[in-house]
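Here is a walk through one protein chain, going from pairs of charged side chains to helix packing and a few individual residues. Keep the model open as you read.

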Amino acid sequence: MPWTSIKLNDGHSIPSIAFGTWKLGNGQQSIDKVDQAFSTGFDHIDTAQSYRNESEAGQALRDSGLARKDVYITTKYSGTDGAGIETSIQDSLENLGVDYVDLYLIHSPRLAQPDIPTAWAKLEKIKADGLAKSIGVSNFSVAELEILLASAKVKPAANQILFHPYVLGRQGPIIEFGNKHGIVTEAYSPLKPLTSPTGGPLDALLKEISSRLNVPPEQILLSWAKAKGTVVVTSSTKKERLEQYLKAGDLELSKEDIAAIDAAGLLGVKGLLFCSILKRVAVTAVLSGVGFAVARYLGVNVF
């Protein structure tokens, strides 16, 4: 199935793939890359106060000629420069050059000050005032979601979290909790296993599936995240990669391939941790050897 929209618990719908601006920086290059995403076919832009490129995203939207109603905009309260939630949403709207955002998120539970219920009540007012169609959170654990739900008058529509196969064991329960309570999970950094960390059991598996299906490994990971029911947030500065990401919506992995990726992801945590420990031991050994050599050269007795 192609990338379609997912119904949120408040009746609105969210496109199931988003172009993220996290690492784009700011200035003209950021405007150009967001504009490129629009021209490639992305209609969901994910930004945040702390990315400091909301203005660029807004400029790209105006340059694109697209109608506001045809673009889904997500931004986040990040507490940048010490600004509170009420000030931050107004700043974000001004930066983006819009009257409302489609989804407004608390970027991290540590930003929910003085506590989660109080901060969430402020987001509920933002929604009631029409400044955001939907409201949600980011990087919230199950325990933090439970605290929020205990006092919420409006359920969070989404929770945006780190999600790829190597964190399935840790993040899977958050997705399951969200599904149980009607909270859509957004997955950021779904392609991280292809960049860092590498050398895990996913490498060979992705290569095998990629060869068999004749698609790049990026499409496999995106299709896997899509199969988990998440909204995918991804990015690239290269148009050809963005085109491949959109094509991933048409890729449907078999249950066997999904299960194999799950297993490799769960196994990979231990394997990568072991490799990390070995690397640290090796570095320590090298540094120790250098230290002993220097000590001998200086005539210092280290024992």
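## Salt bridges, helix pairs and buried residues

Start with Asp-46 and Lys-76, whose side chains meet in a salt bridge, 2.6 Å from N to O. This pair ties together distant parts of the chain: Asp-46 sits in strand β4 (residues 44-46) and Lys-76 in strand β5 (residues 72-77), 30 residues apart. Both Asp-46 and Lys-76 are buried. Keep in mind that this is a predicted model, so the distances here are computed from it.

As a general point, side chains of opposite charge can pair when their charged atoms come close. In this structure there are eleven salt bridges, and a couple of others are worth a look.

Take Glu-86 and Lys-122, which form a salt bridge with their closest N and O atoms 3.8 Å apart. Here too, distant parts of the chain are linked, with Glu-86 in helix α3 (residues 85-96) and Lys-122 in helix α4 (residues 116-128), 36 residues apart. Buried or partly exposed, which is Glu-86? Its relative accessibility is 46%, so Glu-86 counts as partly exposed. Lys-122 comes out at 28%, so Lys-122 counts as partly exposed as well.

Next, find Lys-228 and Asp-262, which meet in a salt bridge of 2.9 Å, N to O. Lys-228 lies in the loop between α8 (217-227) and β10 (231-234), Asp-262 belongs to helix α10 (residues 255-298), and the pair, 34 residues apart, links distant parts of the chain. The two ends fall on opposite sides of the 20% cut-off for buried residues. Lys-228 has a relative accessible area of 23% and is therefore partly exposed, whereas Asp-262, at 16%, counts as buried. Elsewhere, salt bridges with shared partners join Glu-208, Arg-212 and Asp-257 into one network.

Now zoom out to the whole chain. It has ten helices and ten strands, and buried residues make up 47% of its 303 residues. If you take the contacts between residues at least 6 apart in sequence, 74% of them join residues at least 24 apart.

Two helix pairs show how some of these helices pack. Helix α1 (residues 28-40) and helix α2 (residues 54-64) pack at about 50 degrees, and their axes are 8 Å apart. Oblique covers angles from 35 up to 65 degrees, among others, so α1 and α2 are oblique to each other. Their crossing is right-handed. On the α1 side, the contact is made by Ser-30, Ile-31, Val-34, Asp-35 and Phe-38, which meet Glu-56, Ala-57, Gln-59, Ala-60, Leu-61, Asp-63 and Ser-64 in α2. Sorted by type, the residues of this contact between α1 and α2 are six nonpolar, three polar and three charged.

The other pair brings back α4, the helix that holds Lys-122. α4 packs with helix α5 (residues 142-151) at an angle of about 60 degrees, the axes being 9 Å apart. That angle makes α4 oblique to α5. α4 and α5 also cross in a right-handed way. Ile-116, Pro-117 and Trp-120 of α4 meet Glu-144, Ile-147, Leu-148 and Ser-151 of α5. The contact of α4 with α5 divides into five nonpolar residues, one polar and one charged.

Finally, some single residues. Gln-160 belongs to strand β8 (residues 158-162). What is its relative accessible area? The value for Gln-160 is 2%, so this residue is buried. Beyond its neighbours within four places in sequence, Gln-160 is in contact with a set of residues including Leu-105, Val-137, Glu-186 and Tyr-188. That set also holds Asp-46 and Lys-76, the salt-bridge partners from the start of the tour.

Gln-219, in helix α8, is another buried glutamine, at 5% relative accessibility. With neighbours up to four places away left aside, Gln-219 is in contact with Gln-244, Lys-247, Ala-248 and Leu-251.

Last stop: Val-98, in the loop between α3 and β6 (101-106). Its relative accessibility is 11%, so Val-98 counts as buried. Not counting residues up to four places away in sequence, Val-98 touches Leu-61, Arg-68, Ile-73 and Leu-93. Val-98 and Leu-61 are 37 residues apart in sequence, with their C-alpha atoms 9.9 Å apart in space. Leu-61 is also one of the α2 residues that meet α1.

Definitions and conventions. Residues numbered from 1 in each chain as written. Predicted model: local features only at pLDDT ≥ 70, side-chain atom pairs only at ≥ 80, totals over all residues. Heavy atoms only, no water. Salt bridge = Lys/Arg side-chain N within 4 Å of Asp/Glu carboxyl O. Helix = DSSP H or I, 4+ residues; strand = E, 2+ residues; numbered from the N terminus. Buried < 20%, exposed > 50% of the residue type's maximum accessible area, 1.4 Å probe, protein only. Axes fitted to C-alpha atoms, helices over the stretch in contact; angles between N-to-C directions. Parallel < 35°, antiparallel > 145°, perpendicular 65-115°, else oblique. Left-handed = near helix turned anticlockwise from the far one by under 90°. Contact = heavy atoms within 4.5 Å. Nonpolar A, V, L, I, M, F, W, Y, C, P; charged D, E, K, R; others polar.
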